[in-house]
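This report goes through one protein model, beginning with a single residue and then widening to the whole chain. Please keep the sequence and the structure in view while reading.

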Amino acid sequence: FTGGVVNFTGATLTAAGAGIAVTGGSTFGSGIFNLGAISAATGISVAHVSNFSGGVANAGSISPTAGVDISITNVGNFSGGISNSGVLSAGHTAVLVSGAKSFSGDISNGGTIIAASGAGINVSNVTTFSGNVSNSGTIIAGGAGIALANDSAVAGKVENTGGITAATGIGITNSSIAGGIVDVGTILATTAAVKVDSTSMVNA
């Protein structure tokens with residue numbers, strides 16, 4: 001499938017499951033874009049796809065009733081990155097990338113992310129990550145603002161130039177970050193502004 005999916009401005013998707021779901025298959029191209037509103041158990045879900053290109057972008061609003069705003073799980077090769085310039089509001093984690101063999105592109109937030117009990121952005125169990133994870137907007141999270149865990153090779157950097165209010169601002173666990181961690185914004189954390197565990201490697 002190479003046509004992409006777009007939810008246009010003024011449109012609203014309401015579902016008991018996912019607002020937009022791509023599950024299975026060998027190839028999906030041209031990405032997923034939300035310009036309107038999504039109210040569903042999970043906002044956008046991509047799972048068990050061998051090759052996904054075009055990225056995922058939200059410039060509207062996503063309000064999951066049970067799950068995650070944007071969920072990318074168990075994909076082979078994902079390219080195009082993830083961007084939010086709208087509003088993501090989740091009861092748990094807002095943006096989840098987990099179990100990808102290869103992820104190319106940036107994960108960026110220039111809008112507003114609210115994750116009541118989880119992470120604003122969570123990247124875990126990714127073998128190769130070729131890009132940056134950045135926040136220039138606002139992240140409010142019950143867990144970590146940005147969390148990376150069990151990521152073998154992150155080629156880019158983790159950067160905050162906006163505002164993060166969370167238990168932990170930026171948390172790195174058992175991961176290798178080649179581009180370092182940069183904060184020139186504001187982090188208000190109840191536990192730690194930046195936390196890197198002893199099994200991680202972060203280069204300047």
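## A residue and its surroundings

Not counting residues up to four places away in sequence, Ala115 touches Ala90, His92, Thr93, Ala94, Gly120, Ile140, Ala141 and Gly142. The model is a predicted one. Ala115 belongs to strand 16, which covers residues 112-115. Its relative accessible area is 1%, so Ala115 is buried, the cut-off for buried being under 20%. Val46 is 69 residues from Ala115 along the chain, and the C-alpha atoms of the two are separated by 19 Å.

## The protein as a whole

How many helices and strands does the protein have? The count is 0 helices and 28 strands. The radius of gyration is 16 Å, close to the 17 Å that the globule rule gives for 204 residues, so the protein is as compact as a globular protein of that length. Along the principal axes, the C-alpha trace spans about 40 × 30 × 25 Å.

Of the 204 residues, 48% are buried. Among contacts with a separation of 6 or more, 71% join residues 24 or more positions apart. The protein exposes about 7,800 Å², and 54% of this area is supplied by carbon and sulfur atoms. On the surface, Val6, Phe8, Phe33 and Leu35 make a nonpolar patch of about 340 Å². Leu35, one of these patch residues, lies in the loop between strand 4 (32-34) and strand 5 (37-47).

## Charged residues

The structure holds 1 salt bridge. Glu159 and Lys157 form it, with their closest N and O atoms 3.6 Å apart.

Asp69 is buried yet has no salt bridge. Where is the nearest side chain of opposite charge? That side chain is Lys195, 23 Å away from Asp69. Asp69 sits in the loop between strand 8 (61-62) and strand 9 (70-73). Apart from neighbours within four places in sequence, Asp69 is in contact with several residues, including Gly43, Ile44, Leu88 and Ser89. Ala90, Thr93 and Ala94 are also among the contacts of Asp69, and these three residues are among those that Ala115 touches.

## Loops and backbone angles

Gly29 is in the loop between strand 3 (27-28) and strand 4. With 5% relative accessibility, Gly29 counts as buried. Gly29 and Gly3 are 26 residues apart in sequence, while their C-alpha atoms are 6.3 Å apart in space. Leaving out residues up to four places away, Gly29 touches Phe1, Thr2, Gly3, Gly4 and Ser53.

Ser30 is in the loop between strand 3 and strand 4 as well. Most residues other than glycine have a negative phi. Ser30 has a positive phi of about 80° although it is not a glycine. Asn125, in the loop between strand 17 (121-124) and strand 18 (128-130), also has a positive phi, of about 55°, and is not a glycine.

The table lists some partly exposed residues with their relative accessibility.

| Residue | Relative accessibility | Class |
|---|---|---|
| Leu35 | 36% | partly exposed |
| Lys157 | 28% | partly exposed |
| Ser30 | 39% | partly exposed |
| Asn125 | 41% | partly exposed |

Methods
Residues numbered from 1 in each chain as written. Predicted model: local features only at pLDDT ≥ 70, side-chain atom pairs only at ≥ 80, totals over all residues. Heavy atoms only, no water. Helix = DSSP H or I, 4+ residues; strand = E, 2+ residues; numbered from the N terminus. Rg over C-alpha atoms; globule rule 2.2 N^0.38 Å. Buried < 20%, exposed > 50% of the residue type's maximum accessible area, 1.4 Å probe, protein only. Contact = heavy atoms within 4.5 Å. Areas by Shrake-Rupley, 256 points an atom, 1.4 Å probe, with all protein chains shown as cover. Patch = residues over 30% accessible without salt bridge, like charges linked within 9 Å, V, L, I, M, F, W, Y side chains within 5 Å. Salt bridge = Lys/Arg side-chain N within 4 Å of Asp/Glu carboxyl O. Lys, Arg positive; Asp, Glu negative; His and termini not counted.
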